[in-house]
Amino acid sequence: MSTSSGAGRALIAVYGLFALAATARAAVQVSTKFPEAPLAYLLSALAGVVYLVATFTLARDTPLARKTALVAITVELVGVLTVGTLSVVDPQAFPRATVWSAYGIGYGFVPLILPVLGLLWLRRSRPAVEAG
Amino acid sequence: MIAPLAYGIVALTAVAALWGLLTAALDRAPGRAQLLFAAGVEVVVLVQSVIGFAGLASGFAPAERATTIGYLIGILVLIPAAWFWANTERTRFSGLVLAVAAFGVLAMTLRLLVLWVPA
């Protein structure tokens, strides 16, 4: 089954929405107030790139795109867990400025659920010949 | 930005989102009326963005100008992108795609209302 077919289309739509939201947000932050919180804004930009890559690789659905999607979505999961935890433990370092702050509380925790769904979808849509 | 228009968009996108969820639940691809409705919502969103830019051009200075401009532009692309994506493979999931976009526009419109305050 293709990653860009069936339920995958709805998943890609959500990824696309987050790609737009995170990239636009990071662009504004980096271009207008970067010195205020460089780490948070760089992570914001990273989140944007990860969502963009995941959106396009899931939609493209070649073997290489599938591998790239796996890497991007894994980075996304690690990112939301790391930034989420750090932002709760050390709020000073993350002034509520990235989509991943507090596990994505500002976005209804979708940033936390999305990578899990993404990984499950990559697994479920795996071609039958690709065993293991 | 005109508040009543924004609330109208919130209501219209809520309907579009629910409609999408409904056809997905019924295992149907979006029908003609549903797609036309989405196009109509886009027209209203476009009117709002034009009014927003006219406001900025005529001197209104929101506290977060760059973010506001980002939202006024970003809000325009969701429904056309979803329209294309929902129609290139027409299944029950097309309705979910439209619902995601409609909900995105709804959330962004609410955010714009908050952003639309003088500096």
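**Helix packing between chains A and B**

In this predicted model, helix H1 of chain A, residues 7–33, and helix H3 of chain B, residues 65–88, have axes that come within 11 Å and cross at roughly 160°. Because angles over 145 degrees count as roughly antiparallel, H1(A) is described as roughly antiparallel to H3(B). The crossing in which H1(A) passes H3(B) is right-handed.

On the H1(A) side, the residues that meet H3(B) are A:Arg9, A:Ala13, A:Gly16, A:Leu17, A:Leu20, A:Ala24, A:Val28 and A:Thr32, and their counterparts in H3(B) are B:Ala66, B:Thr67, B:Gly70, B:Gly74, B:Val77, B:Leu78, B:Ala81, B:Ala82 and B:Trp85. The residues of this contact between H1(A) and H3(B) divide into 11 nonpolar, 5 polar and 1 charged.

Turning to the two chains as wholes, 13 residues of chain A are in contact with 17 residues of chain B. On the side of chain A that touches chain B, the residues comprise 8 nonpolar, 4 polar and 1 charged.

Chain B itself contains 4 helices and 0 strands, so that its elements, read from the N terminus on, run α-α-α-α. Its C-alpha trace spans about 50 × 20 × 20 Å along the principal axes of the chain. The radius of gyration of chain B is 15 Å, which agrees with the value near 14 Å that a compact globule of 119 residues would have. Of the 119 residues in chain B, 40% are buried, and among the contacts in chain B with a separation of 6 or more, 82% are accounted for by residues 24 or more positions apart.

Note on methods
Residues are numbered from 1 along each chain as its sequence is written. Chains are lettered from A and ligands numbered from 1 in the order in which they are written. This is a predicted model: local features need pLDDT of at least 70, side-chain atom pairs count only at pLDDT 80 or more; totals for chains, interfaces and linings use all residues. Two residues are in contact if their C-beta atoms, placed from the backbone, lie within 7 Å. Ala, Val, Leu, Ile, Met, Phe, Trp, Tyr, Cys and Pro count as nonpolar, Asp, Glu, Lys and Arg as charged, and the others, Gly among them, as polar. Axes are lines fitted to C-alpha atoms, for helices over the stretch in contact, and angles run from 0 to 180 degrees between N-to-C directions. Helices (H or I, at least four residues) and strands (E, at least two) are DSSP runs, numbered from the N terminus. Angles under 35 degrees count as roughly parallel, over 145 as roughly antiparallel, 65 to 115 as roughly perpendicular and the rest as oblique. A crossing is left-handed if the near helix is turned anticlockwise from the far one by less than a right angle, and right-handed if clockwise. The radius of gyration is taken over C-alpha atoms; the globule rule is 2.2 Å times the number of residues to the power 0.38. A residue is buried if 20 or more other C-beta atoms lie within 10 Å of its own, exposed if 12 or fewer, and partly exposed in between; C-beta atoms are placed from the backbone.
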